[in-house]
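Grab a pencil and work through these exercises with the model open beside you. Try each task before you read its solution.

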Amino acid sequence: MSETICSVETVGDAIVQILQLRGVNCLFGGAPTSMIEALANPDNVNENSIRGIVTPHEQTSVAMAHGYYAATGRPQAVYLYSTVGTANGLNGIINASRAHIPMIVIAARSPIAEQRGIAGARDIHVQWSQESFDQASMLREYVKWDYEIRQPDQVVSVMERAFEVATAEPCGPVYISVPRDVLAAPLQSIAVDTPSRRITKTRVIADPEMLDAAADLLASAKHPIIITSEAGRTEGGRNALAELSETGGFGVLEASPVYSNLAPEHPCHLGYIFASQVSPDLEKADVILVVDSDVPWFTARVNIPKSTRVIQLGIDPFYQQLPMRGFPCDVPLIGHTEYSLNELTSRLKTRINNETRKERISSHQMRRNHQSNQLKDAIAKDEKLTAITPLWANHCISQLISSESIIVNEYPADLRILQPQGSNSYFGPSHAGGLGWGLAAALGIKVAKPDSEIICTLGDGAYYYCAPTSCHEVAAAENLPLLIIVFNNGGWNEVKKSVISTHPGGHAARANSVPLTSFGYRADFEKIVTAFGGYGAKVEKADELQSVLHEAMRVVREEKRQALVNIITQV
Ligand SMILES: Cc1ncc(C[n+]2csc(CCOP(=O)(O)OP(=O)(O)O)c2C)c(N)n1
């Protein structure tokens with residue numbers, strides 16, 4: 001076992017060294033005082049130096065770390081300022097928590113000391129009023145672990161514990177608060193195990209008996225179906241799902257996908273379910289395999305017969321973090337998606353009749369061809385309209401996609417049309433749905449994958465929640481060119497739909513007018529980005545959209561600037 005001895009000046013300096021030794025590339029959001037002091041020390045500059053990225057708003061920092069991890073599987077660090085900064089970052093932490101995104105959140109805390117002669121002791125008015133009896137209490141439900149560094153010699157073990165808990169499955173954010181005087185406390189050196197002795201990477205494969213039971217159920221099913229939201233979180237999981245579905249001819253539905261879970265042209269792909277849509281396939285199924293899906297269907301909207309057998313697979317298929325979740329599970333497959341799916345596939349190979357498999361696949365394909373023709377007809381119709389429909393907008397965006405494209409979507413993307421290809425080609429929002437994630441997550445992905453071409457699709461509501469000036473500033477300052485497409489329908493369509501579905505035939509539905517869901521002013525969003533050196537364009541006519549989008553993409557590709565297209569869409 002070996003240790004790296006780092007000479008340091010303070011606790012803050014030690015935190016910087018440990019983050020670097022543990023492979024953290026970025027610190028999003030700035031840093032607390034003595035960490036800034038450490039980063040100013042030229043002796044600390046080396047090939048592993050952490051990239052500090054200032055973000056004007058905490059929502060941006062947290063979502064950037066989220067995006068970076070989603071694209072790479074490498075947890076990053078985030079800085080939140082005291083109670084107030086933590087409050088601003090909380091929406092992003094809730095998103096990260098439900099999406100199982102590990103990140104090391106470091107928060108400043110008011111100094112403990114009030115007396116003279118202690119570095120970092122209280123000397124700013126806010127340090128009394130910002131202090132909380134229990135700073136982490138406001139986010140404790142959404143982090144896996146929180147701790148306050150209380151004395152200097154704890155720093156290594158606290159940081160090691162943070163990495164251990166964040167990266168142990170199911171992963172999630174952790175929160176460390178550090179009083180300014182503890183952060184400034186002098187330290188001479190720290191000893192850090194290299195390599196780490198807090199290894200959490202492991203392989204969990206579902207119980208063999210349960211795998212046999214699941215294979216029996218799937219093999220004897222007349223109408224089996226697979227439903228997933230996050231099987232494509234890893235490339236291995238995505239490949240394993242493709243193989244399983246091919247082996248049994250099992251159709252796959254993606255329910256509010258967070259990743260690209262199956263290639264869209266895969267013969268078993270049955271389509272996507274977004275928001276509160278339901279698929280009639282589920283009511284017909286006699287066996288449902290739920291793979292990495294917290295909410296596979298809405299019991300209030302579909303009638304799943306009692307006789308339908310349900311298999312649930314994932315590292316925590318019961319989503320124990322969620323206060324309420326009412327889905328049956330006849331066969332639990334508790335394990336990593338990739339390995340457990342592969343085990344299931346190998347059991348099914350000897351159990352599935354080849355004819356049945358072929359028949360299923362050809363019926364999926366017939367259905368898909370029919371649906372895709374219908375979709376083409378609908379797009380062709382919309383092309384002829386003057387106003388821009390979401391369908392036509394998605395079609396025009398699909399013409400921009402290259403092998404380097406990554407779509408980051410906060411709701412308006414239609415995956416039937418955009419057809420994300422590779423395993424890392426699509427990222428959707430956390431099911432927590434805290435709006436304001438998309439643009440910053442896209443920036444985090446761009447930091448992680450500088451050669452990728454990011455297309456970020458947002459609703460106008462989502463764009464507002466993203467703290468857009470903060471995001472545009474980061475894009476400009478860090479040279480992160482990307483294409484931002486805002487579907488500007490002038491308000492909150494989802495909220496309108498929710499009112500109508502809760503009160504069908506009610507006052508709002510009858511009047512065909514839903515109060516408090518439209519913005520009173522339609523902003524020229526395209527002008528905001530120009531304040532940050534970007535390119536902006538607004539488009540209102542269907543026949544102009546394609547050329548406007550192409551010009552914006554050209555600016556991103558050739559001029560390496562951020563570009564925003566404000567598409568005035570019909571609801
Ligand atoms: C932080 C936050 N506040 C409020 C909501 C509730 N909410 C859900 S969808 C929605 C509207 C989003 O508007 P937009 O992005 O324009 O998409 P549209 O519904 O118009 O398609 C709102 C306000 C939320 N999810 N997150």
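**Exercise 1. Find which helices each supply at least two residues of the shell around the ligand.**

Step 1. Look at helix H16 (460-465) and helix H18 (493-502): each of them supplies at least two shell residues. Helices here are DSSP runs of H or I with at least four residues, strands are E runs of at least two, and both are numbered from the N terminus. Keep in mind that this is a predicted model, where local features need pLDDT of at least 70, side-chain atom pairs count only at pLDDT 80 or more, and totals for chains, interfaces and linings use all residues. Residues are numbered from 1 along each chain as its sequence is written, and side-chain values use heavy atoms, with hydrogens and water left out.

Step 2. H16 gives the largest share of the shell, four residues.

Step 3. There are 15 residues around the ligand, and Gly-433, Asp-460, Gly-461, Asn-493 and Glu-494 come nearest. To count as near, a residue needs a heavy atom within 4 Å of the molecule.

Step 4. Sort the shell by type: five nonpolar, eight polar and two charged residues. Here Ala, Val, Leu, Ile, Met, Phe, Trp, Tyr, Cys and Pro are nonpolar, Asp, Glu, Lys and Arg are charged, and the others, Gly among them, are polar.

**Exercise 2. Track down polar backbone atoms beside a nitrogen atom of the ligand.**

Step 1. Start at Gly-433, where a polar backbone atom is 2.8 Å from a ligand nitrogen.

Step 2. Move to Leu-435: a polar backbone atom there is 3.1 Å from a nitrogen atom of the ligand.

Step 3. Now try an oxygen atom of the ligand, which has a backbone N or O atom of Glu-494 at 2.7 Å.

Step 4. How much of the ligand does the protein bury? On its own the ligand exposes 580 Å², and the protein buries 72% of that (Shrake-Rupley method, 1.4 Å probe).

**Exercise 3. Work out the strand order of the open sheet that contains E3.**

Step 1. Read off the six strands as E3-E2-E4-E5-E7-E6, with parallel pairing. Two strands pair if DSSP finds at least two bridges between them.

Step 2. Check the edges: strand E3 (51-53) and strand E6 (145-148) each have a single partner strand, so one side of each has no neighbour in the sheet.

Step 3. Zoom in on strand E5 (residues 103-109) and strand E7 (residues 173-179), which pair in the parallel sense over seven bridges. Val-105 stands opposite Tyr-175 in E7.

Step 4. Add helix H4 (residues 82-98), which packs on the sheet and touches strand E4 (77-80), E5 and E7. Touching, or contact, means heavy atoms within 4.5 Å.

**Exercise 4. Locate Thr-194 and describe its surroundings.**

Step 1. Thr-194 sits in the loop between strand E8 (189-193) and helix H8 (208-220).

Step 2. Leaving out residues up to four places away in sequence, Thr-194 touches Ser-2, Glu-3, Thr-4 and Leu-21.

Step 3. The side chains of Thr-194 and Thr-4 share a polar contact of 2.7 Å. That term means a pair of N or O atoms within 3.5 Å; within protein, one must be able to donate a hydrogen and the other to accept it, and residues adjacent in sequence count only if both atoms are side-chain atoms.

Step 4. Finish with the peptide bond from Thr-194 to Pro-195: it is cis, with omega near 0°.

Terms used. Axes fitted to C-alpha atoms, helices over the stretch in contact; angles between N-to-C directions.
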